Amino acid sequence: MSECIFCKIASGEIPADFVYRNEKVFVIRDITPQAPTHLLVIPTQHVASAAEVSDPAVWAAVMEQATEAARFLNLTEGYRMVINTGAQSGQTVPHLHLHLLSGRVFDWPPG
Ligand code: AMP
Ligand code: ZN
């Protein structure tokens with residue numbers, strides 16, 4: 001059994017607040033939101049990070065669903081997509097995920 005928290009969410013072993021799912025990706029609300037809207041777009045198949053993606057279809061599914069979620073939620077004021085990759089970036093869960101953040105002004109450069 002995988003010890004990966006997002007694999008456990010994908011299999012239903014632990015609960016999450018699902019916004020959407022299909023066979024390739026699922027979208028959940030982040031448990032510690034950093035903005036009024038904070039979603040995670042996660043491929044169902046385990047890939048440790050952006051650096052480990054070998055199949056471009058994974059990117060297609062993640063990016064397509066991220067923009068679709070932004071349309072569905074009517075995030076017309078704008079949003080930020082973040083993919084932390086590796087230790088120095090702040091990645092804490094070693095299963096690829098895209099943060100979709102919206103509902104406030106975001107600083108640049110990021111912290
Ligand atoms: P990162 O730091 O980029 O790896 O992002 C991991 C994200 O996963 C953080 O924003 C956490 O708040 C979030 N997270 C961790 N566990 C859960 C969970 N069980 N359900 C929803 N989000 C989670
Ligand atoms: Zn996983």
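**Exercise 1.** Sort the shell around ligand 1 in this predicted model by residue class: how many nonpolar, polar and charged residues are there?

*Solution.* Start with the shell itself: 16 residues surround ligand 1. Now split them up, and you get seven nonpolar, seven polar and two charged residues. Next, pick out the closest ones, which are Asp30, Asn84, Thr92, His97 and His99. Finally, check where the shell comes from: H1 and E2 each supply at least two residues, and the largest share, three residues, comes from H1.

**Exercise 2.** Track down polar contacts of ligand 1: which atoms pair up with Asp30, Ile31 and Gly90?

*Solution.* Take Asp30 to begin with: an N or O atom in its side chain is 2.5 Å from an oxygen atom of ligand 1. Move on to Ile31, where a backbone N or O atom lies 3.2 Å from a nitrogen atom of the ligand. Then look at Gly90: one of its polar backbone atoms is 3.1 Å from an oxygen atom of ligand 1. As for cover, ligand 1 has 500 Å² of accessible area on its own, and the protein covers 84% of that.

**Exercise 3.** Find the place where ligand 1 sits, and describe its lining.

*Solution.* Ligand 1 sits in the largest pocket, which holds about 750 Å³ of space. Count the lining next: 31 residues, with Asp30, Thr32, Gln34, His38 and His99 nearest the pocket's centre. By class, that lining has 15 nonpolar, 10 polar and six charged residues. Last, go through the elements: H1 (5-11), E2 (25-29), E3 (37-43), E4 (79-82) and E5 (98-102) each give at least two residues, and H1 gives the most, with three.

Technical notes
Residues numbered from 1 in each chain as written. Chains lettered and ligands numbered in written order. Predicted model: local features only at pLDDT ≥ 70, side-chain atom pairs only at ≥ 80, totals over all residues. Heavy atoms only, no water. 1 Å grid on protein atoms, 1.4 Å probe; cavity = no way out; pocket = protein on both sides within 12 Å on 5 of 7 lines; lining within 4 Å. Points joined across faces, edges and corners; volume = space filled by probe spheres on them. Helix = DSSP H or I, 4+ residues; strand = E, 2+ residues; numbered from the N terminus. Nonpolar A, V, L, I, M, F, W, Y, C, P; charged D, E, K, R; others polar. Near = heavy atom within 4 Å. Polar contact = N/O pair within 3.5 Å; in protein donor to acceptor, adjacent residues only side chain to side chain. Areas by Shrake-Rupley, 256 points an atom, 1.4 Å probe, with all protein chains shown as cover. Sits in = over half its atoms within 2 Å of the grid points.
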